Amino acid sequence: MADASIIPAGITGMFDLLSPVAPGWGANLLRGLVRSLQIAFGAFGMGLIIGTFGSYAKLYGGPIARDLAAIYTTLVRAIPELVMIILLYYAGTDLINRILEGMGYQRVDISGLVAGIVVLGFVQGAYATEVLRGAIKAIPQGEIEAARAYGMSPVLMMRRITLPAMLPHALPGLANLWLISTKDTALLAVVGFSELTLETRQAAGTTKAYMTFYLAAGALYLFVTLFSSVILESVEKRARRGMPSVKEAR
Amino acid sequence: MSNVLGETEIEVPIETFPIHKEKDASSLASKLPPHRIVLILIGLALVASAALFMRWDWLPQYGGLILQGLWRTIWILVVTVVLGFLLAVPLGLAQASGPAFLAIPARAFCTVIRGTPLLVQLWLLYYGLGSLFPQYPWIRGSELWPYLRQAWPYAVLALTLSYAGYEGEVMRGAFAGVPKGQLESARAFGMPRFTIFRRIWLPQAIHRALPTLAGEAVLQLKSTPLVATITVVDLYSVASRVRQDTFLTYEPLLLLAAGYLVITGIIVMLFRRVERLIPSKLG
């Protein structure tokens, strides 16, 4: 007897619940998806910036910079993302506000979006450091030596030689990182940021149609993953043009 | 995804006679240059100041609970890694050399698991399946019902499937990477197919996958705190409870992070030891 109220009556009921207009919850899910993608993009970009500095510190830095980079990557990669997120999200905002108060400023409300991007970007940075370090080491080192022999400044050398030459080696790892970044946004649901997973949870909790909404959210995440892997594959093919195929070399 | 903590380490060949003994002393000195000693001292000072100036008086009160949570975390980790690996072997085998009607579902399973967040999978199983089950009287009447009402079977199921999905992909590569000649010579010896699999194919595939397996085990440890979101009391959820009870922000989280660091170190060490058991030659 409970069936009719708990399970939405067949497929039509499912589509009613997922429709983007008012009684359906589709619009909420899509809004959550957009927020998730914003955070994923931001975190990935921030991770790339941190990763570039981190890999340069690990490869060319002085002894102290090298050790600090090693501590950063080891710690971040050993502590669960969820713990890092809680630690940085609550403790980080609390710390910033305490510092601001100590300096005599007002407390600020840090928006969930910014906090999410910074937290996930910090985590992504550690992985990106390793990916980019490996990619730079995969460049034939003669190219870098030649650039140095030409008297290029480090910035010019990075722009003209290192970054373009390492790109094909870095892309598989970076593609992986992007996929991790889209999936890690789900963890922000635990700290109450309303991205796709939390929107799903709220929709499911209100309508009691748990299966429908979680399957829909899974489908959305899967679509993002598959869509980006198609794009990343073609980007990698373009970056590798003219290089001998890895498969044939094996 | 692969090498978490995988700092490249040069394999030291085993010496039958300790010829290079005097090198050990200098390697210690080269590992501890002055700047590193200063960094270690700063680290120790940070730890000491955390121990002295932060509040740790809650520790004895929650000691038992923390140990219980630690045990639960390790238990879930070990069970899901073992079960997930057992599931990953057929998944990898089906993709590497199975017929299409096995390979396609296996590939689809791995893609779906790897393409969706673990948190969504976990909540789908716990809230989704958990809300469907009570509607069927035969499930409520079955002997499994007392277990299905608890949270941990869903946690174990979700983490096992997730590990199997990621590891199935790794095992596919490992199975495909075993040289063809090995299998052909086994067949030439007249071994039955299952014996070939048991004696030749599986051991060599596991050997190939071992470094990745270590990384995946660390990743699995890092996913265990998610089970706290479905009310399983693991190490992470003990820390959140301490935070709620005592209104302390930093202390439980720092202790938690330290705990995970130690477990990660132990996992990496264990796998390194297993890897050393297998004789290998760098070609």
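Which residues of chain B does UniProt list for "transmembrane region" (unreviewed entry)? Let us start there and then work through this predicted model in a few exercises.

**Exercise 1. Find the spans that UniProt lists for chain B under "transmembrane region", and describe two of them in the model.**

Solution.
- Step 1: The UniProt record, an unreviewed entry, lists residues 37-54, 74-94, 106-129 and 253-271 of chain B.
- Step 2: Take residues 74-94 of chain B. This span is 100% helix and 0% strand, with its end C-alpha atoms 30 Å apart.
- Step 3: Now take residues 253-271 of chain B. Here too the chain is 100% helix and 0% strand, and 27 Å separates the end C-alpha atoms.

**Exercise 2. Describe the overall build of chain B.**

Solution.
- Step 1: Count the elements. Chain B has 12 helices and 0 strands, so its order from the N terminus is written α-α-α-α-α-α-α-α-α-α-α-α.
- Step 2: Look at burial. Of the 283 residues in chain B, 31% are buried.
- Step 3: Look at the contacts in chain B between residues at least 6 apart in sequence. Of these, 80% join residues at least 24 apart.

**Exercise 3. Set out what the UniProt feature "domain: ABC transmembrane type-1" covers in chain A and in chain B.**

Solution.
- Step 1: In chain A, UniProt (unreviewed entry) places this feature at residues 33-232. The model gives 84% helix and 0% strand over residues 33-232 of chain A, and the end C-alpha atoms are 20 Å apart.
- Step 2: In chain B, UniProt (unreviewed entry) places the feature at residues 70-271. Residues 70-271 of chain B are 83% helix and 0% strand, with end C-alpha atoms 20 Å apart.

**Exercise 4. Work out how helix 3 and helix 11 of chain B are arranged.**

Solution.
- Step 1: Helix 3 spans residues 59-97 of chain B and helix 11 spans residues 235-246 of chain B; they pack at an angle of about 150°, with their axes 7 Å apart.
- Step 2: An angle over 145 degrees counts as roughly antiparallel, so helix 3 of chain B is roughly antiparallel to helix 11 of chain B.
- Step 3: Find the residues in the contact. Helix 3 of chain B brings Y62(B), L65(B), I66(B), G69(B), L70(B) and T73(B), while helix 11 of chain B brings L235(B), S237(B), V238(B) and V242(B).
- Step 4: Sort them by class. The contact of helix 3 with helix 11 of chain B has 7 nonpolar, 3 polar and no charged residues.

**Exercise 5. Describe the side of chain B that touches chain A.**

Solution.
- Step 1: In this pairing, 33 residues of chain B are in contact with 39 residues of chain A.
- Step 2: Helix 2 (34-53), helix 4 (100-115), helix 5 (118-132) and helix 12 (251-277) of chain B each give two or more residues to this side.
- Step 3: Helix 5 of chain B gives the most, with 8 residues.
- Step 4: By class, this side of chain B has 22 nonpolar, 9 polar and 2 charged residues.

**Exercise 6. Decide whether T231(B), K208(A) and L113(A) are exposed or partly exposed.**

Solution.
- Step 1: Recall the cut-off: a residue is exposed if 12 or fewer other C-beta atoms lie within 10 Å of its own.
- Step 2: T231(B) has 12 such atoms, so T231(B) is exposed. T231(B) is in the loop between helix 10 (193-223) and helix 11 of chain B, and its phi is near 65°, a positive value in a residue other than glycine.
- Step 3: K208(A) has 14 other C-beta atoms within 10 Å and is therefore partly exposed. The loop between helix 9 (196-207) and helix 10 (210-239) of chain A holds K208(A), and phi of K208(A) is near 65°, again positive in a residue other than glycine.
- Step 4: L113(A), in helix 6 (residues 112-138) of chain A, has 15 C-beta neighbours inside 10 Å and so counts as partly exposed. Leaving aside its neighbours within four places in sequence, L113(A) is in contact with Q38(A) and I39(A).

**Exercise 7. Judge the confidence of the model along chain A.**

Solution.
- Step 1: Chain A has a mean pLDDT of 85, and 90% of its residues reach 70 or more.
- Step 2: Among the elements of chain A, helix 3 (residues 26-60) has the highest mean pLDDT (93) and helix 1 (residues 3-6) the lowest (44).
- Step 3: Over residues 1-9 of chain A, pLDDT stays under 50, and the model has 10 contacts beyond four places in sequence for them.

How values were computed: Residues are numbered from 1 along each chain as its sequence is written. Chains are lettered from A and ligands numbered from 1 in the order in which they are written. This is a predicted model: local features need pLDDT of at least 70, side-chain atom pairs count only at pLDDT 80 or more; totals for chains, interfaces and linings use all residues. Axes are lines fitted to C-alpha atoms, for helices over the stretch in contact, and angles run from 0 to 180 degrees between N-to-C directions. Helices (H or I, at least four residues) and strands (E, at least two) are DSSP runs, numbered from the N terminus. Angles under 35 degrees count as roughly parallel, over 145 as roughly antiparallel, 65 to 115 as roughly perpendicular and the rest as oblique. Two residues are in contact if their C-beta atoms, placed from the backbone, lie within 7 Å. Ala, Val, Leu, Ile, Met, Phe, Trp, Tyr, Cys and Pro count as nonpolar, Asp, Glu, Lys and Arg as charged, and the others, Gly among them, as polar. UniProt positions are given in the numbering used here, feature names are shortened, and annotations may be inferred rather than shown by experiment. pLDDT is the predictor's confidence in each residue, from 0 to 100. A residue is buried if 20 or more other C-beta atoms lie within 10 Å of its own, exposed if 12 or fewer, and partly exposed in between; C-beta atoms are placed from the backbone.
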